Amino acid sequence: MKNKNSLLDADIDKRFAYEERLARNYNEEPSPYKTFDIMAAIFMAAVVISGIVYGLLNIIGAK
């Protein structure tokens with residue numbers, strides 16, 4: 001029975017080692033597109049806000 005447990009433990013250790021080798025820690029690696037993502041988010045927010053303001057100004061009749 002001890003041999004069966006040691007084989008199981010060895011298999012589990014081998015699988016964990018394999019998964020650790022494949023896993024990446026995303027918190028340590030900075031994204032190369034972070035600046036682009038921020039600029040795209042700001043641009044989209046500006047488009048949405050300008051659309052809302054334009055719509056409201058058309059409703060109240062301002063030109």
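Asp11 is partly exposed in this predicted model, with a relative accessible area of 27%, where partly exposed denotes the range between buried (under 20% relative accessible area) and exposed (over 50%), evaluated with a 1.4 Å probe and protein chains only. Its salt-bridge partner is Arg15, the closest N and O atoms being 3.0 Å apart; a salt bridge is taken here as a side-chain nitrogen of Lys or Arg within 4 Å of a carboxyl oxygen of Asp or Glu. Arg15 itself is exposed, at a relative accessible area of 53%. Both Asp11 and Arg15 belong to helix H1 (residues 2–22), in which four residues, about one turn of the helix, separate them. Side chains of opposite charge can pair when their charged atoms come close. A search of the whole structure finds one salt bridge.

The model is a prediction in which local features require pLDDT of at least 70 and side-chain atom pairs count only at pLDDT 80 or more, whereas totals for chains, interfaces and linings use all residues. Residues are numbered from 1 along each chain as its sequence is written, and side-chain values use heavy atoms, with hydrogens and water left out.

The protein chain contains two helices and zero strands, helices (H or I, at least four residues) and strands (E, at least two) being DSSP runs numbered from the N terminus. For the 27 residues of H2, a span of 39 Å is expected at 1.5 Å a residue, and the end C-alpha atoms of H2 are indeed 39 Å apart, the expected span being 1.5 Å times one less than the number of residues. Gly61, whose phi is positive and near 90°, follows H2.

Of the 63 residues of the protein chain, 0% count as buried. The chain exposes about 6,400 Å², of which carbon and sulfur atoms supply 65%, as computed by the Shrake-Rupley method with a 1.4 Å probe, only the protein chains shown counting as cover for residues. Ile59, which lies in helix H2 (residues 34–60), is exposed, with a relative accessible area of 71%.
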